Amino acid sequence: MAKKPELSTNAAPTWCPGCYNFFILKAVQNVLEKMIKQGKLKQENIVMATGIGCHAKIFDYLNVGGVYSLHGRTIAAALGMKLGNPNLTVFGFGGDGDTYDEGVSHFVHNCRYNADINMIVHNNQIFALTTGQGTATSEEYAVTKAQPEGLKIKPMNPIAVALELGATFVARAFAGDMEHMTKIIEEAVKHKGFSLIDILQPCLIFHNKLESMNKQFYKLEDKKHDFKNLDLALKKAREWDYEDEKSGIPLGIFYKVREPTLNEKLSNQKKLMEKGKGWFQVKR
Amino acid sequence: MKINILIGGKAGQGANAAAILLGEILTEYGYYVFNYRDYPSLIRGGNNFNIVAVSNRKIKSHDKKVQLIVALDENTIKEHKTGVNKNTPVISIKDVYMDDKFKKVSNVFILGLLLKFLDLPLDLLIKKLEEIFKGKKFLPLDKEAAESGYNADMKKLKLTKSEINRLDIRAKLRKPAHKNLRLLSGSDAIAKGAIKSGIDIYLAYPMTPATPVLHLLAGRQEKDNITVFLAENEIAVANAALGSSHTGARTMVGTSGGGYDLMTEAMSMQGISEIPLVVYLAQRPGPGSGVPTYTGQGDLNIALNASHGEFPRVVIAPGDVEESIKCTNEAFYFAEKYRALSILLGDKHVSESQFTYEKEPKLIKVKRNIDLKKVNGLYKNYDFTKNGNSKRSVPSVNIVKSTSYEHDEKGITIEDANMAKKMYDKRLRKEETMKKEVKKFQTYKIHGRKTSKNLIVGWGSTKGAIIDAIHDMDAKFLQLIYIKPFPKEVRKYLENAKKVILVENNATGLLSQEIRKETGFEIKDKILRYDGRPFEEDILREEIKKKLI
Ligand SMILES: Cc1ncc(C[n+]2csc(CCOP(=O)(O)OP(=O)(O)O)c2C)c(N)n1
């Protein structure tokens, strides 16, 4: 077994005290530590792309390399890294504003591309770092400083969107359930292909529905959900519309299917994978 | 002596293909050829035409006045047998008998006819067809069409004997002695330069006139072991390119002005993250969607300045195919060595015209400038070096953080005033280092009569027409190749000249504004063209003459 990796940098976190981002960071570190110790991952082979927002500060705290990208460009940068070296384990950390507003085109198309990227969305249903405006997953009735009459626009359901677009691993987690969240992240890392984990993350300052949500959560695995069945996955995805405070909110893996990844389908990328090389090791 | 042959027809009739075939035949025969391509933004119909200029002089441009019009449809005659070409003889497909079975290959038929006309052997065309379409199903029909055209009844063509004599290329142009000449487009040259420089990944979203490079490189993936990927938009392209380059892949993106606008956020990110990036910006007339399939030099300022913040970049503008290969190579060199943003500024006129290519320019070997030594902990990706240029490493060797935020030496976000300034200063030092290194390269050229007091100033695709226009005049031409870092030493040429004339394919003389900014010299005489069309040798010569009186 490999020795315990150092997965924290020396940077002092600037998240609010008690922020659920700490939990997400910890969950990721738990998964990486376990898999590195098992010899399944190498720390220097792990990279991440982040966007800009509170979520993205994880870039400074998680001791792996990568690109602290621009707002919304998380998945584009992640895809680039995967094409640049298909043997890397690639993470994307985005916010809901980042992924479903500013960068939605990359989200849409990467669900189709199926590159092996683990996309983790810190979904606090608000633009937090810009002090609380409504995003694509905020409630129609949410009132913010920028939307004083309420958003007046229905939220998007990223789980359903990802399923319709052909994402091969689609899951939802809750940042307050460390054990469950950790397990889902581990499953996503093991999965080959594009994984979306939409992590519901209460924002203690601007969007906290912990009380109602806690009553709504249930786990798909407890209901013996068949994650191989796309129709059932879609049905489950539609159970919660990202604003109803009464309906159940399913957590867990909605859908998982192994299909050829983008890198496996592009012949020169496949060759690099077979040789275990990145482009920088190719002699020209 | 220069003969210009205009070949035109509806889109889909193959005027361009015929012009390329003719150009290649004449080039391989030993003549210098320049093939200008003009086409509107549509797929079928309209009027597409090429002007194939041929000479025994090293030409790089065409004339407005052509010596022959070859018409695949009637509209070509209507469109072109006017103005200076009112009396130009015409070979029209409708004036000769052609078997119906050749309808789809009428361009090859007329090419056969044209060869007879120019008193060139049919064999040249047959060999060329065999070479290009080897193993293709339609090759026999093509060959038959060529032969049939060659043997067609010329008497029906409404041409006088003297008109025919005037076009006898072999009689007019001394028998060529050149060897190993080839025809190459600017796009061919950019792709070639990229491959010779060891490109790994090309990312793009289609946009004329950058698209041919996308097609060319995509077609070379297997042979040259590269990856070409068409992403969802230019924003994705440019940001993915930074991701790809972060891992050590030598990465290039290509687009035109509109796509470049979308990419500018990533250029700015390049500035702070110092991830190497080569950008091919092929201009066409703007603003907005402009005139998509035509040419212009209106994007100089965005190449030089677009993107927020202050950071170093290199902007290089090739004017022909040799320079396109060389400048692409230098763009990769700077990107790789200085983790810089290299912008190759081309346009439709270079990218889609074909030039006679004599020999490969001397190229630099672009080394992978990557530190493969493993270090403990975070790699110092932004080491405070004296010359401002920090070494870089890559994932799988080290833990490397590249970032869009201001950062410390290891790529961790900072907001501290001291560190913010220190890191800014590091990048500014790098810019100074790059300015010194640039001096090793040919940042500008002087063409024409070196002793002349008449100075023409230009950059990029106007090169061909300017050199040709002044070839027998008392004038010299200052061609700027590096616009950034700007070679300030050109000031002496400007000051020593009696007359300085700017020639640019834009409306406000963007280069002269830059020259003024960099040297303080103001150019008053300007020849500007901004109708989407390039300068022709004959028209430009008249304009320069007027200014010189
Ligand atoms: C192009 C661009 N537009 C706007 C911003 C300002 N901005 C910074 S963070 C942010 C919102 C982040 O929201 P989200 O992605 O949901 O992340 P959170 O802060 O909630 O974690 C915005 C809009 C920016 N940095 N760049």
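1. Ala128(A) has a backbone N or O atom 3.0 Å from an oxygen atom of the ligand. In this predicted model, two further backbone contacts belong with that one. Ile126(A) places a polar backbone atom 3.0 Å from a ligand oxygen, and a backbone N or O atom of His55(A) likewise lies 3.0 Å from an oxygen atom of the ligand.

2. On its own, the ligand exposes 590 Å². The protein buries 74% of that area.

3. The shell around the ligand holds 16 residues. Cys54(A), His55(A), Gly97(A), Asp98(A) and Asn124(A) are the closest. His55(A) thus appears both in this group and among the backbone contacts in point 1.

4. Which helix gives the shell its largest share? Helix H4 of chain A, residues 96-102, does, with 4 residues.

5. Sorted by class, the shell around the ligand contains 7 polar, 6 nonpolar and 3 charged residues.

6. On the cysteines, a search of the whole structure, over all chains, finds 0 disulfides. Cys19(A) is unbonded because the closest cysteine sulfur, in Cys16(A), is 6.0 Å from its own sulfur, too far for a bond; a disulfide needs the two sulfur atoms within 2.5 Å. Cys54(A), one of the residues closest to the ligand, is in no disulfide either, and its nearest cysteine sulfur, also that of Cys16(A), is 6.5 Å away.

7. Is Cys19(A) buried or exposed? Its relative accessibility is 11%, so Cys19(A) counts as buried, the cut-off being under 20%.

How values were computed
Residues numbered from 1 in each chain as written. Chains lettered and ligands numbered in written order. Predicted model: local features only at pLDDT ≥ 70, side-chain atom pairs only at ≥ 80, totals over all residues. Heavy atoms only, no water. Near = heavy atom within 4 Å. Polar contact = N/O pair within 3.5 Å; in protein donor to acceptor, adjacent residues only side chain to side chain. Areas by Shrake-Rupley, 256 points an atom, 1.4 Å probe, with all protein chains shown as cover. Helix = DSSP H or I, 4+ residues; strand = E, 2+ residues; numbered from the N terminus. Nonpolar A, V, L, I, M, F, W, Y, C, P; charged D, E, K, R; others polar. Buried < 20%, exposed > 50% of the residue type's maximum accessible area, 1.4 Å probe, protein only.
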